[in-house]
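The following note is offered to a colleague who is opening this structure for the first time. Please read the numbered points with the structure in view.

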Amino acid sequence: MLVHLSVHNYAIVEHLDLELDAGMSVISGETGAGKSIMLDALGLALGDRADSGVVRPGADKADILASFDLHDIPEARAWLAERDLGHNQDQDGPCILRRVITAEGRSRGYINGSPCPQADLKALGELLIDIHNQHEHQSLLKPETHRRLLDEYAGSQELARQVLLAAQRWKQTKNELQRISSLGDEQRARHQLLSYQLEELDNLALGENELSQLELEHKNLTNAESLLSACRLVIEQCSENDAGNVLSALTSSLSRLSAFQGQPGALSEATNLLASAQIQVEEAVGELNRFLDHFDADPERLRHMEERLDAIYTLARKHRIQPSELGPMQQQLFEELESLNADDQAAERLSGELLAFERHYQEKAEELSTLRNNAASQLAAAVEVEMQTLGMPGGRFTIKLSANSNSEPHPNGLEQLEFLVSANPGQPLKALAKVASGGELSRISLAIQVITAQTSRVPTLVFDEVDVGIGGPTAEVVGQLLRKLGDRGQVLTVTHLPQVAAQGHQHLFVHKVRGNDATRTAVSKLTPAERVEEIARMLGGVDLTEESLAHARQMVGSAQA
């Protein structure tokens with residue numbers, strides 16, 4: 001629960017330190033004294049939005065600090081533990097939320113001394129305090145408020161979150177599948193073209209060095225007669241010409257030099273080189289003879305080769321590339337086709353995921369519907385009972401759950417919710433916005449808030465003038481309801497009604513202190529005698545009379561009894 005609130009330089013509050021207890025704490029004071037300002041400051045510590053206008057004139061910053069005892073709030077302790085934001089040095093100490101707003105409009109938040117974003121203050125604050133204000137009945141006209149209140153009452157908030165996430169996952173998957181499918185016609189045409197082009201290249205079956213080898217062989221075959229003549233001429237000049245050839249010349253030269261054995265080294269080296277040349281010429285002649293023996297100048301071979309080269313050149317021209325680029329292009333087309341096949345596989349995978357997400361959504365949504373349907377009748381019956389006690393005898397209240405017309409997964413579940421009310425006997429049930437007057441709407445809102453607060457796991461409840469438009473015996477019932485809530489936890493109630501104020505376990509009085517050059521807000525915890533005087537003032541105005549004091553004592557005594 002909230003144990004301490006410290007406010008510095010906020011609005012007209014210069015300095016405020018407030019110790020708070022369990023039970024129902026009544027907050028009263030004259031209009032404009034700053035009752036709601038105090039709760040607004042608390043809201044900032046809990047992550048509400050702020051601007052520079054909240055800083056007290058003349059101050060450089062506003063500083064709000066709220067301390068909470070988390071002994072009975074395991075969800076908040078778990079939240080802090082997950083983020084390593086424990087209770088300072090002492091695990092049994094308070095949890096401290098702090099907000100600092102500068103005059104320039106900058107804002108900083110802290111949890112147990114550690115800087116944190118505003119969203120973290122808000123998330124933790126929702127586990128610590130539930131605030132109901134006098135304008136909340138306006139949001140009661142919105143379907144999303146109906147859904148939130150029913151889920152809170154049913155304890156199905158987590159399940160509702162799972163349904164929301166399941167619907168979002170389904171929607172994202174569907175969008176991705178539609179994106180891939182929208183490429184279908186164009187993609188199929190491209191797939192068909194690539195398959196045809198690759199089939200042509202596969203049928204061509206061009207080898208790694210085939211083109212260069214074919215071109216060389218084709219060149220040789222087209223020049224066969226010249227090549228054969230050249231080879232025969234070389235052989236004749238090297239070894240077959242009777243008039244003189246290279247080998248006979250080398251043999252004769254070696255014979256002459258051999259007659260001079262034992263000559264100086266240079267002559268011996270020349271002899272060796274001539275002998276080596278003789279051997280090389282003989283080997284060259286042998287290679288040429290083997291080439292001539294195996295050379296195939298078959299015209300059929302030449303025709304086949306020309307057809308092969310023509311097929312290669314024609315396909316290259318078709319793709320407007322050089323023949324040598326056919327191999328790399330084939331690899332590129334293959335990779336693109338694989339990418340298109342991957343999209344086809346992705347579409348198949350996404351289709352499977354879409355069905356799985358839809359099944360998961362349906363399972364969770366049906367579970368949520370069961371909880372909502374069971375809780376709807378219970379909540380409606382409880383609110384209807386409270387309406388009777390709040391001055392609406394014969395009033396009826398029900399919660400209508402209508403199936404969504406769209407069969408696709410909806411983030412809010414399988415049904416739409418609507419609160420229906422009949423404020424007076426004999427009137428048909430209609431939408432809340434169409435039948436309730438301002439006062440009736442305020443009382444219905446209070447009835448709903450009181451009922452849903454009883455099931456809340458949040459131990460601290462704040463009611464900021466929720467009793468506006470209520471008076472007489474109904475006001476006393478409202479006070480009794482709020483006191484009953486205070487018996488189970490902590491309730492802070494800002495009120496103008498003495499019937500409500502008399503029900504409090506303790507009473508805080510907000511008033512203005514006027515100095516020579518400034519006015520500030522102060523809060524006092526009233527003694528029993530002071531409390532009687534304040535309730536008497538609320539009953540009869542500024543001038544206290546014995547009658548009003550006696551009436552105030554009676555009201556406080558009856559409440560304590």
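1. In this predicted model, Thr460 stands opposite Gln490 in strand 13. Thr460 belongs to strand 12 (residues 460-464), which runs parallel to strand 13 and is joined to it by five bridges. Strand 12, helix 16 (residues 472-487) and strand 13 together make a right-handed β-α-β unit.

2. Strand 13 also has strand 3 (residues 23-29) as a partner; the two run parallel, and five bridges join them. Here Val26 is the residue that stands opposite Thr493 of strand 13.

3. How many of the residues of strand 13 (residues 490-494) are buried? Five of its five residues are, and the strand is described as mostly covered. In a regular strand the side chains alternate between the two faces of the sheet. Accordingly, Gln490, Leu492 and Val494 point one way from strand 13, whereas Val491 and Thr493 point the other way, and all are buried.

4. A further sheet deserves attention. It is open, has three strands in the order 9-10-11, and its pairing is antiparallel. Strand 9 and strand 11 (430-431) are the edge strands, each pairing on one side only. Between strand 10 and strand 11 there are two bridges, in the antiparallel sense, and Val421 stands opposite Lys430 in strand 11.

5. Which aromatic rings pair in this structure? A search of the whole structure finds one aromatic pair. Phe397 and Phe419 form this pair, which is edge-to-face, with 5.2 Å centre to centre and 70° between the planes. Because Phe397 lies in strand 9 (residues 396-403) and Phe419 in strand 10 (residues 415-422), the pair ties together parts that are 22 residues apart in sequence. Both Phe397 and Phe419 are buried.

6. A charged side chain and a ring should also be noted: Arg98 lies over the face of Tyr110, at 5.3 Å from the ring centre.

7. Helix 8 (residues 210-222) may be checked for its length. Its 13 residues should span 18 Å at 1.5 Å a residue, and the end C-alpha atoms are 18 Å apart, which agrees.

8. Which residues of helix 8 are buried, and which are exposed on the face turned away from them? Glu210, Leu211, Leu214 and Leu221 are buried. Seen down the axis of helix 8, these buried residues fall within an arc of 95°, so they line one face of the helix. The face turned away from that buried side carries the exposed residues Gln213, Leu216 and Lys219. An α-helix has 3.6 residues a turn, so residues three or four places apart point the same way.

Notes: Residues are numbered from 1 along each chain as its sequence is written. This is a predicted model: local features need pLDDT of at least 70, side-chain atom pairs count only at pLDDT 80 or more; totals for chains, interfaces and linings use all residues. Side-chain values use heavy atoms; hydrogens and water are left out. Helices (H or I, at least four residues) and strands (E, at least two) are DSSP runs, numbered from the N terminus. The expected span of a helix is 1.5 Å times one less than its number of residues. Buried means under 20% relative accessible area, exposed over 50%, partly exposed in between (1.4 Å probe, protein chains only). The arc is that of the directions from the helix axis to the C-beta atoms. Rings of Phe, Tyr and Trp (its six-membered ring) pair if their centres lie within 6.5 Å; planes under 30 degrees apart count as stacked, over 60 as edge-to-face and the rest as tilted. A charge sits over a ring if NZ of Lys or CZ of Arg is within 6 Å of the ring centre and within 35 degrees of the ring normal. Two strands pair if DSSP finds at least two bridges between them. A crossover is right-handed if, with the strands pointing away from the viewer, the path from the first strand over the helix to the second runs clockwise.
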